[in-house]
Amino acid sequence: MNFNFHNDSIRGVLHSFGQEDAEVDNLETFVTFARLANGIFREIDTDLTKLGVSQGRIIVLSLLHCHAPHRMTPSELSEKADVTRGTMTGLIDGLERDGMIERVAHERDGRMVTVGLKEAGRELLVTVVPYYTKLIRACMAEFTTEDHEMMKGLLGKMKRGFERSLPKC
């Protein structure tokens, strides 16, 4: 996989449309970041598929694990996972069908349900967490303490810029 933005023809096209070097640098940095992130997530998806799970399922199981022994409502899970309620319903349905989680009537409002982690879900996390740890350790192996601080600062700046670009509702 090639993460380098060394294609002079792209630079030439951008310059021909009047883009200044600063804009070309913005695009180069952004594309490099996006390609790397996409490559990492594609690899993770491939590996998790071999285990019969998805990142979405791991996120739901992780949220439930962190909140245990308390249960969460589907809307709480949806909000914490930053996905639509429809997406969360599909994830919960699949995890329940596979015996990883259970739905239980809400203790104060019988019209609602809460979701809790079952032993099979905990066991899957025990299998997957070392995979993530190993991958992250490999990705970050060359980072110094100063690199970590700088990267967190730069990603924070990128996040704030992205958030400013979103339409205001």
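Which residues does Ser78 touch, not counting residues up to four places away in sequence? In this predicted model, the residues in question are Val83, Thr84, Arg85 and Met88, and the legends below begin with the whole chain before returning to Ser78 and to other sites.

**Figure 1. Overview of the predicted chain, with its 7 helices and 2 strands.** Followed along the sequence, the elements are arranged in the pattern α-α-α-α-α-β-β-α-α. The C-alpha trace spans about 65 × 40 × 30 Å along its principal axes, and the radius of gyration of the chain is 21 Å, whereas a compact globule of 169 residues would have a value near 15 Å. Of the 169 residues, 23% count as buried, and the chain exposes about 12,000 Å², of which carbon and sulfur atoms supply 57%. Among the contacts with a separation of 6 or more, 50% are accounted for by residues 24 or more positions apart. The chain carries 22 positive and 25 negative charges, and the mean positions of these two sets are 5 Å apart.

**Figure 2. Surroundings of Ser78 in helix α4.** Helix α4 comprises residues 74-81, and Ser78 within this helix has a relative accessible area of 5%. Ser78 is classed as buried because this value falls under the 20% cut-off. Leaving aside residues up to four places away in sequence, the contacts of Ser78 are with Val83, Thr84, Arg85 and Met88.

**Figure 3. Asp82 in the loop between α4 and α5.** Asp82 is not a glycine, yet its phi is positive, at about 60°. The loop that holds Asp82 leads to helix α5, which covers residues 85-97. With a relative accessibility of 72%, Asp82 lies over the 50% cut-off and therefore counts as exposed.

**Figure 4. The cis peptide bond between Ala68 and Pro69.** The omega angle of the bond that joins Ala68 and Pro69 is about 10°. Pro69 itself is placed in the loop between α3, residues 55-67, and α4.

**Figure 5. The aromatic pair found in a search of the whole structure.** How many aromatic pairs does a search of the whole structure find? The search returns 1 aromatic pair, which is formed by Tyr131 and Tyr132 with an edge-to-face arrangement. The ring centres of Tyr131 and Tyr132 are 5.6 Å apart and their planes make an angle of 65°; this pair is called edge-to-face because the angle is over 60 degrees.

**Figure 6. Val126 in helix α6 and its separation from Gly156.** Helix α6 runs over residues 119-139 and includes Val126. Is Val126 buried or exposed? Its relative accessible area is 61%, so Val126 is exposed. Along the chain Val126 and Gly156 are 30 residues apart, and their C-alpha atoms are separated by 31 Å.

**Figure 7. Lys50 in helix α2 and its separation from Leu95.** Helix α2 consists of residues 21-50, with Lys50 among them. Lys50 has a relative accessibility of 67% and so counts as exposed. Between Lys50 and Leu95 the distance in space is 17 Å, taken from C-alpha to C-alpha, while the two are 45 residues apart in sequence.

Definitions and conventions:
Residues numbered from 1 in each chain as written. Predicted model: local features only at pLDDT ≥ 70, side-chain atom pairs only at ≥ 80, totals over all residues. Heavy atoms only, no water. Helix = DSSP H or I, 4+ residues; strand = E, 2+ residues; numbered from the N terminus. Rg over C-alpha atoms; globule rule 2.2 N^0.38 Å. Buried < 20%, exposed > 50% of the residue type's maximum accessible area, 1.4 Å probe, protein only. Contact = heavy atoms within 4.5 Å. Areas by Shrake-Rupley, 256 points an atom, 1.4 Å probe, with all protein chains shown as cover. Lys, Arg positive; Asp, Glu negative; His and termini not counted. Charge placed at Lys NZ, Arg CZ, Asp CG, Glu CD. Phe/Tyr/Trp six-rings, centres within 6.5 Å; stacked < 30°, edge-to-face > 60°.
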